[in-house]
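Student: I'm new to this structure and would like a close look at one part of it. Please pick the strands and the links between them, and then follow the chain onward from there.

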Amino acid sequence: MFIIRQESHAMQEAVSCVEVAKHSRIPIVINDRVDIAMACGADGVHLGQSDLPARQARMLLGSDKIIGVSCQTLEQVQKAYEDGADYVGSGAVFPTTTKKINSAIGLEHLYALCRGSPLPVVAIGGINASNVKEVLRERPSTLHGVAVISALFDQPDVCKATQELAEIISDVFNS
Ligand SMILES: Cc1ncc(COP(=O)(O)OP(=O)(O)O)c(N)n1
Ligand SMILES: Cc1ncsc1CCOP(=O)(O)O
């Protein structure tokens, strides 16, 4: 799944991504903006704690669209679940320079969130080819995957970095 985060030219970016994705089976989810997700026919939306609550997003988007919510506490996870979210994104697991964060939640907190979560959890923040095995080490059943930005887009060859990371991840899931 791709999450489109571009804030400027968001609509053009989103429409192009949805067009490209029509020919693949990769869902396209728009960060923060339910209006853009609806307007460009995206597969869903990812919401932060200060964005439109998932309950309202669900009313607007209907039952078929994907809704993800960023959560750092079990209370937030429970609310996302009750509001009708499909998954939660939790992090930043490790320090990252991609986004200003107060502090990283760390692996033990991530696993505690996963253990208490009725929803699939996607770990985000500072995850890359050198630490992804460690992140997936404990693999509580609700830890469904990782989301990355710099691990791919700060690399000289994005395709190569994507293939390498995907290989590491499938090795873990197939072991
Ligand atoms: C999987 C996943 N998790 C978290 C985020 C961050 O979204 P959000 O909390 O809305 O933060 P900002 O958009 O303000 O950076 C995400 N996009 N995906
Ligand atoms: C969007 C977001 N939410 C929490 S950390 C983060 C940025 C993750 O970027 P990177 O994979 O480069 O650390």
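**Strands, crossovers and a capped helix**

Tutor: A good place to start is a single pair of residues: Val45 has Ile67, in strand 4, as its bridge partner. Please keep in mind that this is a predicted model. That pair belongs to a wider match, in which strand 3 (residues 44–47) and strand 4 (residues 66–70) run in the parallel sense and share 4 bridges. To get from strand 3 to strand 4, the chain passes through helix 3 (residues 54–61), making a β-α-β crossover that is right-handed.

Now step on to the next strand. Strand 4 also pairs with strand 5 (residues 87–91), again in the parallel sense, over 3 bridges. Here Ser70 finds its bridge partner, Gly89, in strand 5. The link is helix 4 (residues 74–82), which carries the chain from strand 4 to strand 5 in another right-handed β-α-β crossover. As you look at these strands, one general point may help: in a regular strand, side chains alternate between the two faces of the sheet.

Strand 2 (residues 28–31) is worth a glance too, since Asn31 lies in it. Asn31 counts as buried because its relative accessibility is 8%, under the 20% limit. Its side chain makes a polar contact with the side chain of Asp32, at 3.5 Å.

Beyond strand 5, in the loop that leads to helix 5 (106–116), you will find Ile101. Ile101 has a relative accessible area of 29%, which means that it is partly exposed. Apart from neighbours within four places in sequence, Ile101 is in contact with Ala92, Phe94, Pro95 and Thr96.

Let's finish with helix 8 (residues 158–174). At 1.5 Å a residue, its 17 residues should span 24 Å, and the end C-alpha atoms are indeed 24 Å apart, so the two values agree. Its buried residues are Ala161, Leu165, Ile168, Ile169 and Val172. Looking down the axis of helix 8, you would see these buried residues within an arc of 95°, so they line one face of the helix. They pack against helix 6 (132–135), strand 7 (143–147) and helix 7 (150–153). Turned away from that buried side is a face with the exposed residues Cys159, Gln163, Glu167, Asp171 and Asn174. Finally, Asp157 caps the N-terminal end of helix 8, with a side-chain oxygen 3.2 Å from the backbone nitrogen of Cys159.

Technical notes
Residues numbered from 1 in each chain as written. Chains lettered and ligands numbered in written order. Predicted model: local features only at pLDDT ≥ 70, side-chain atom pairs only at ≥ 80, totals over all residues. Heavy atoms only, no water. Helix = DSSP H or I, 4+ residues; strand = E, 2+ residues; numbered from the N terminus. Expected span 1.5 Å × (residues − 1). Buried < 20%, exposed > 50% of the residue type's maximum accessible area, 1.4 Å probe, protein only. Arc of directions from axis to C-beta. Contact = heavy atoms within 4.5 Å. Polar contact = N/O pair within 3.5 Å; in protein donor to acceptor, adjacent residues only side chain to side chain. Pairing = 2+ DSSP bridges. Right-handed = clockwise from strand over helix to strand, strands pointing away.
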